[in-house]
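Me: I would like to go through this structure by question and answer. Please end each reply on the value or name asked for.

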Amino acid sequence: MGGSIALGAGLAVSIAGLGGGVGMGVAGGKAIEAIARQPEVGGDVRTLMFITFAFIETLTIYGLLIAFMLVGKM
Amino acid sequence: MIFGMWDSVLFHLGPIPVDHLVVTQWCIVVILALVAYSATRDMQLVPRGLQNAFEAAVVWTYDFFTQLMDKEHIAKKYAPLLSTFFLFILFSNYSGLIPGAAHIPGFQPPTSNWNVTIVLAVITVFAVHIAGFQEHGLGYMNHFLSPNPAMLPLNLLEEITHPLSLTLRLFGNIFGEEMIIAYMLFLVPFLVPFALMALSVLLAFIQAIVFTILSASYIATATGDDH
């Protein structure tokens with residue numbers, strides 16, 4: 001029982017992190033591309049980028065919370 | 001220990017138990033209030049020192065929120081609330097960097113407990129709806145029927161997920177960060193946790209900014225003209 005809970009906790013955070021990492025990479029890459037093309041909109045793009053990161057990151061954090069809850073049950 | 005909180009009640013205020021998180025928040029509030037009071041105690045027409053810094057900060061926040069929220073009167077009205085969110089969350093997050101935080105009971109940043117962050121999120125919800133009704137009157141209800149009435153359940157669901165995601169984002173980040181530093185201290189007691197703590201200085205700042213910006217954009221959407 002403890003082993004499967006540990007496995008579940010590891011999988012929860014790693015799968016969530018995988019998706020979030022890919023998403024953040026795409027979003028960050030595109031944002032930097034936009035700033036490189038038009039440096040004068042840098043401020044706006046940076047703000048939007050952080051908001052986007054926050055949304056993506058929330059999904060990963062959900063996975064992390066599930067992992068902590070599972071570890072607490074062990 | 002209930003999921004991320006030590007149950008250390010320090011004393012009782014009548015029937016209400018007061019624990020270490022509440023005391024930490026009182027300390028943060030007192031520190032912020034004292035700094036603000038000392039900056040504005042004898043205000044002069046030509047500002048210098050602390051008053052100068054505060055005036056610059058206030059003007060900067062007004063500009064920042066005006067740019068973010070489009071409507072200047074809304075931005076001016078809600079800038080104090082949002083900047084207070086920012087300062088309070090920033091100080092709460094940084095209080096986790098005091099030596100001993102996260103692995104000695106009684107030293108814990110308030111934002112690493114979701115009772116604290118849900119209160120902040122609920123304040124945002126009230127601010128959003130009050131701002132919406134003040135700006136549009138009863139026409140604000142149309143906002144729930146846009147773009148067409150079939151979207152009503154999704155719009156209502158959104159009203160629940162916004163505060164929930166605000167709560168869990170702040171809580172999960174700070175709690176996760178504290179826990180990772182605590183585990184690291186347990187595994188490698190020297191030097192390695194320092195890198196993580198340096199990262200957490202940046203992370204705590206970004207989380208404070210993100211909470212503020214998201215609250216601002218929710219208020220902006222509720223008061224915007226096109227919904």
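Me: Is Pro99(B) buried or exposed?
Reply: The model is a predicted one. Pro99(B) sits in the loop between α3 and α4 of chain B. A residue counts as exposed over 50% relative accessible area. Pro99(B) has 71% relative accessibility, so the class is exposed.

Me: How many Å apart in space are Pro99(B) and Thr61(B)?
Reply: In sequence, 38 residues separate Pro99(B) from Thr61(B). Taken from C-alpha to C-alpha, the separation in space is 31 Å.

Me: What is the order of the elements of chain B from the N terminus on?
Reply: Chain B contains six helices and two strands. The strands precede the helices, and the order reads β-β-α-α-α-α-α-α.

Me: How many salt bridges are there over all chains?
Reply: The rule asks for a side-chain nitrogen of Lys or Arg within 4 Å of a carboxyl oxygen of Asp or Glu. Lys71(B) and Glu135(B) form such a pair, at 2.9 Å from N to O. Glu72(B) and Lys76(B) form another, with their closest N and O atoms 3.4 Å apart. Over all chains the count is two.

Me: Which parts of chain B does the pair Lys71(B) and Glu135(B) link?
Reply: The side chains of Lys71(B) and Glu135(B) meet in a salt bridge. The two residues are 64 apart, so the pair links distant parts of the chain. Lys71(B) belongs to the loop between α2 (50-69) and α3 (72-94), and Glu135(B) to helix α4 (residues 114-136).

Me: Which class of accessibility does Lys71(B) fall in, buried or exposed?
Reply: The partner in the salt bridge, Glu135(B), is partly exposed at a relative accessible area of 26%. The limit for a buried residue is under 20%. Lys71(B) has 16% relative accessibility and therefore counts as buried.

Me: What separates Glu72(B) and Lys76(B) in helix α3 of chain B?
Reply: Glu72(B) is partly exposed, at a relative accessible area of 46%, and Lys76(B) is partly exposed too, at 40%. Their side chains form a salt bridge. Because the two residues are four apart in helix α3 of chain B, what separates them is about one helical turn.

Me: What is the radius of gyration of chain A?
Reply: Chain A has two helices and zero strands. Its C-alpha atoms fill a box of roughly 55 × 15 × 10 Å along the principal axes. For 74 residues, a compact globule would come near 11 Å, but the radius of gyration of chain A is 17 Å.

Me: What percentage of the 227 residues of chain B count as buried?
Reply: The C-alpha atoms of chain B fill a box of roughly 55 × 55 × 45 Å along the principal axes. The accessible surface of chain B comes to about 12600 Å², with 74% belonging to carbon and sulfur atoms. Of the 227 residues, the buried portion is 41%.

Me: How many Å apart are the mean positions of the positive and negative charges of chain B?
Reply: Chain B carries 6 positive and 14 negative charges. The mean positions of these two sets are separated by 10 Å.

Me: Of the contacts in chain A between residues at least 6 apart in sequence, what percentage join residues at least 24 apart?
Reply: Chain A has 30% of its 74 residues buried, and it exposes about 4500 Å². Among its contacts between residues at least 6 apart in sequence, the portion that joins residues at least 24 apart is 83%.

Key
Residues are numbered from 1 along each chain as its sequence is written. Chains are lettered from A and ligands numbered from 1 in the order in which they are written. This is a predicted model: local features need pLDDT of at least 70, side-chain atom pairs count only at pLDDT 80 or more; totals for chains, interfaces and linings use all residues. Side-chain values use heavy atoms; hydrogens and water are left out. The radius of gyration is taken over C-alpha atoms; the globule rule is 2.2 Å times the number of residues to the power 0.38. Buried means under 20% relative accessible area, exposed over 50%, partly exposed in between (1.4 Å probe, protein chains only). Contact means heavy atoms within 4.5 Å. Accessible areas come from the Shrake-Rupley method with a 1.4 Å probe; for residues, only the protein chains shown count as cover. Lys and Arg count as positive and Asp and Glu as negative; His and the chain ends are not counted. The place of a charge is taken as NZ of Lys, CZ of Arg, CG of Asp or CD of Glu.
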